[in-house]
Amino acid sequence: MSNPLQVVDISTLDAETGKNLLNAASSQGFLFVEGHGFLDREISELFTLSNGFFSLDQNYKDQYAIDSSNHGYVRSGGENLSPGDQKTGDPKEALNISFLDFVTGESAKPIPDYFSGERKVALQSIIKRLYELSLRIMKLVAIGLEMKDIDWFDSRYDPEKPSGTTFRLLHYPGQKSLSPEAAIRAGAHTDYGLVTLLFQQENQEGLEIHSQISKKWEAVPFVPSNSTKFPGEAPPIIVNIGDQLSYWTAGLLKSTIHRVKFPAKVQESGQDRYSIVFFSHPNDDTILEPVPSELTRAIKGRGANSESNPITSKKHLEKRLAATYGWKK
Ligand SMILES: O=C(O)CCC(=O)C(=O)O
Ligand SMILES: [Fe+2]
């Protein structure tokens with residue numbers, strides 16, 4: 001399968017890497033990163049954990065049902081990512097873990113007791129490192145934007161202060177039905193935060209982007225690891241830009257619409273899809289004021305550059321979640 005996206009090696013924090021990342025983020029808004037440091041073994045174990053959780057009893061999972069703060073278990077049909085043009089919720093289940101502290105990797109709210117003991121330790125370690133990876137990516141964005149202070153974004157993402165960041169396990173059950181309605185597994189949407197990091201597995205494809213370049217739906221393939229360059233590393237991680245970062249950078253970085261479909265191959269095999277996602281957000285109290293970069297300052301009247309009363313990150317997120325889950329505000 002051809003790949004519409006660039007694969008950026010982020011193992012070095014330098015000007016060239018920053019430019020490569022910025023190019024991808026300001027064209028497709030989606031890219032792959034390699035040199036991220038996650039091992040194949042640990043990501044496979046994480047998928048095994050996810051598989052184990054979703055195969056538990058429905059009654060058990062429902063005890064941890066999602067609340068209005070976006071934390072908890074979402075049963076199949078419980079989330080409609082495209083409320084304008086989809087009547088029913090998506091045929092997928094998810095576990096959202098929010099209220100995260102990145103010094104400990106723990107949530108301040110209860111999580112299913114399936115994740116206790118060694119499983120809990122493994123989960124916390126992954127969450128802490130996903131936070132570190134998102135900081136690395138934000139440093140590269142700052143370098144790409146030629147900002148004097150490459151920690152400008154990081155200083156707005158204190159590990160112990162509240163943020164809208166969510167770690168999410170997703171399961172899309174396999175379906176052999178060919179009805180076009182059921183063929184959409186996650187409705188078209190953009191993500192809400194700064195950057196989203198996503199792991200997927202081979203033979204479980206289905207993610208599509210509405211390409212900023214071709215203006216068409218294009219499949220995001222599974223890209224295997226480059227074992228010569230990065231021995232033992234997990235496959236490249238998908239990174240995409242969320243609405244807040246696009247808004248913050250006056251639209252220079254693109255928050256691209258995406259969805260999950262059943263490609264013919266997957267539909268024929270009836271294969272389930274599991275994905276693991278980290279939605280990274282700055283601290284709730286972050287004011288989305290114009291970014292100090294000459295590249296974004298030059299864009300007048302868009303996003304954060306157009307507001308005389310800048311909003312906070314928390315306010316930005318609340319607006320979007322209300323639309324997705326139909327909560328009355
Ligand atoms: O499972 C996927 O590949 C996409 C998930 C996604 O886009 C989301 O949860 O926002
Ligand atoms: Fe998404």
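Tyrosine 172 places an N or O atom of its side chain 2.6 Å from an oxygen atom of ligand 1. The model is predicted. Two further side chains approach the oxygen atoms of ligand 1: aspartate 191, with a polar atom at 3.1 Å, and histidine 258, with an N or O atom at 3.1 Å. Ligand 1 on its own exposes 290 Å², and the protein buries 98% of that. An iron ion (ligand 2) is held by His189, Asp191 and His258.

**Ligand 1 and its surroundings**

- The shell around ligand 1 consists of Arg168, Leu170, Tyr172, His189, Asp191, Leu198, Leu207, His258, Val260, Arg273, Ser275 and Phe279.
- Three strands each supply at least two residues of that shell: β7 (166-172), β13 (258-261) and β14 (273-280).
- Ligand 1 takes up the space of the largest cavity.

**The iron site**

- The donor atoms are NE2 of His189, OD of Asp191 and NE2 of His258.
- These protein donors lie 2.1 to 2.2 Å from the iron ion.
- Along the chain, the donors follow the spacing H-x1-D-x66-H.
- Histidine 189 and aspartate 191 are buried.
- His189, Asp191 and His258 also appear in the shell of ligand 1.
- Aspartate 191 thus has two roles to track: its OD is a donor to the iron ion, and a polar side-chain atom lies 3.1 Å from an oxygen atom of ligand 1.

**Asparagine 240, a partner of aspartate 191**

- Which side chain does asparagine 240 contact? Its side chain makes a polar contact of 3.1 Å with the side chain of aspartate 191.
- Asparagine 240 belongs to strand β12 (residues 237-241).
- Asparagine 240 counts as buried because its relative accessibility is 2%, under the 20% cut-off.

**Other buried polar residues**

- Glutamate 93 sits in strand β4 (residues 93-97).
- With a relative accessibility of 6%, glutamate 93 is under 20% and therefore counts as buried.
- Glutamate 93 and tyrosine 274 are 181 residues apart in sequence, yet their C-alpha atoms are 9.8 Å apart in space.
- Serine 211 is in the loop between β10 (207-210) and β11 (217-219).
- Is serine 211 buried or exposed? Serine 211 is buried, because its relative accessible area is 1%.
- The side chain of serine 211 forms a polar contact of 3.0 Å with the side chain of glutamine 28.

**Loop residues with positive phi**

- Asparagine 203 is not a glycine, but its phi is positive, at about 65°.
- The loop between β9 (195-199) and β10 contains asparagine 203.
- Asparagine 203 counts as partly exposed because its relative accessibility of 44% falls between the 20% and 50% limits.
- Lysine 215 is another residue other than glycine with a positive phi, here near 60°.
- Lysine 215 is in the loop between β10 and β11, and serine 211 lies in the loop between β10 and β11 too.
- Where serine 211 is buried at 1%, lysine 215 has 55% relative accessibility, over 50%, and so counts as exposed.

Technical notes: Residues numbered from 1 in each chain as written. Chains lettered and ligands numbered in written order. Predicted model: local features only at pLDDT ≥ 70, side-chain atom pairs only at ≥ 80, totals over all residues. Heavy atoms only, no water. Donors = N, O, S within 2.8 Å, 3.2 Å for Na, K, Ca; no water. Buried < 20%, exposed > 50% of the residue type's maximum accessible area, 1.4 Å probe, protein only. Near = heavy atom within 4 Å. Polar contact = N/O pair within 3.5 Å; in protein donor to acceptor, adjacent residues only side chain to side chain. Areas by Shrake-Rupley, 256 points an atom, 1.4 Å probe, with all protein chains shown as cover. 1 Å grid on protein atoms, 1.4 Å probe; cavity = no way out; pocket = protein on both sides within 12 Å on 5 of 7 lines; lining within 4 Å. Sits in = over half its atoms within 2 Å of the grid points. Helix = DSSP H or I, 4+ residues; strand = E, 2+ residues; numbered from the N terminus.
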